[in-house]
Amino acid sequence: MNQGTETSRELESLIGDQADFQKWFAQAGPGLALCDARSRRPLFANLMFQRIVGYSEVELRGMAVEELCHPAERSVELERYCQLVAGELANYETRKRYLRKDGSVVSVRFTGSTVSGAEGT
């Protein structure tokens, strides 16, 4: 058994079923967003992430993740995102700026990583 499989099983045992995961995700303290790798659009965003960027979860689903990035950081962030999806990076951490819905800028500590589905995507 590889470490990824062990980690997945540990996560499943800690979180439980999908309903438990959704409850945990929604109530997590840090801002969390789970994005589709192909479309780069958030599938889920917890309340804290929504508060950070000022958009509702429904609004976020209509946006590509780079639209939230400060214009000066978009090309670098898109490059890192593509590296994550391609498997060139396991994860990364950085300070970044988001553009909020009201036009203001908020600085955050960001950690990006990937999670593979059952079919490996």
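**Exercise 1. Determine which residues G54 touches, leaving aside its neighbours within four places in sequence.**

Solution. Step 1: with those neighbours set aside, G54 is in contact (heavy atoms within 4.5 Å) with E59, R100 and K101. This result belongs to a predicted model, in which local features need pLDDT of at least 70, side-chain atom pairs count only at pLDDT 80 or more, and totals for chains, interfaces and linings use all residues. Residues are numbered from 1 along each chain as its sequence is written, and side-chain values use heavy atoms, with hydrogens and water left out.

Step 2: G54 and R100 are 46 residues apart along the chain, yet their C-alpha atoms are separated by 5.4 Å.

Step 3: G54 sits in the loop between α3 (47-53) and α4 (57-61). Helices (H or I, at least four residues) and strands (E, at least two) are DSSP runs, numbered from the N terminus.

Step 4: because its relative accessible area is 30%, G54 is partly exposed. The scale is as follows: buried means under 20% relative accessible area, exposed over 50%, and partly exposed in between (1.4 Å probe, protein chains only).

**Exercise 2. State how many helices and strands the protein chain has, and give their order.**

Solution. Step 1: there are five helices and four strands.

Step 2: read from the N terminus, the order is α-α-β-β-α-α-α-β-β.

Step 3: of the 121 residues in the protein chain, 24% are buried.

**Exercise 3. Describe how β1 and β2 are arranged, and examine R40 in the turn.**

Solution. Step 1: β1 (residues 33-35) and β2 (residues 42-45) pair in the antiparallel sense over three bridges. Two strands pair if DSSP finds at least two bridges between them.

Step 2: within this pairing, A33 stands opposite A45 in β2.

Step 3: the two strands form a hairpin, with six residues between them.

Step 4: R40 lies in the loop between β1 and β2. Its phi is positive, about 65 degrees, although R40 is not a glycine. Most residues other than glycine have a negative phi.

Step 5: R40 counts as partly exposed because its relative accessibility is 25%.

**Exercise 4. Compare the expected span of helix α5 with its end C-alpha atoms, and locate its buried residues.**

Solution. Step 1: the expected span of a helix is 1.5 Å times one less than its number of residues. For the 13 residues of α5 (residues 74-86), this rule gives 18 Å, and the end C-alpha atoms are 18 Å apart, so the two values agree.

Step 2: the buried residues of α5 are E77, Y81 and L84. They lie on the same side of α5, because they cover an arc of only 60 degrees around the axis; the arc is that of the directions from the helix axis to the C-beta atoms. In general, an α-helix has 3.6 residues a turn, so residues three or four places apart point the same way.

Step 3: these buried residues pack against β1, β3 (91-99) and β4 (105-113).

Step 4: on the other side of α5, S75, E79 and A86 are exposed.

Step 5: G87 follows α5 and has a positive phi, near 85 degrees.

**Exercise 5. Establish how many disulfides the structure holds, and classify C35 and C69 as buried or partly exposed.**

Solution. Step 1: a disulfide is a pair of cysteine sulfur atoms within 2.5 Å. The search of the whole structure finds zero disulfides.

Step 2: C35 is partly exposed because its relative accessible area is 25%.

Step 3: C69 has 2% relative accessibility and therefore counts as buried.
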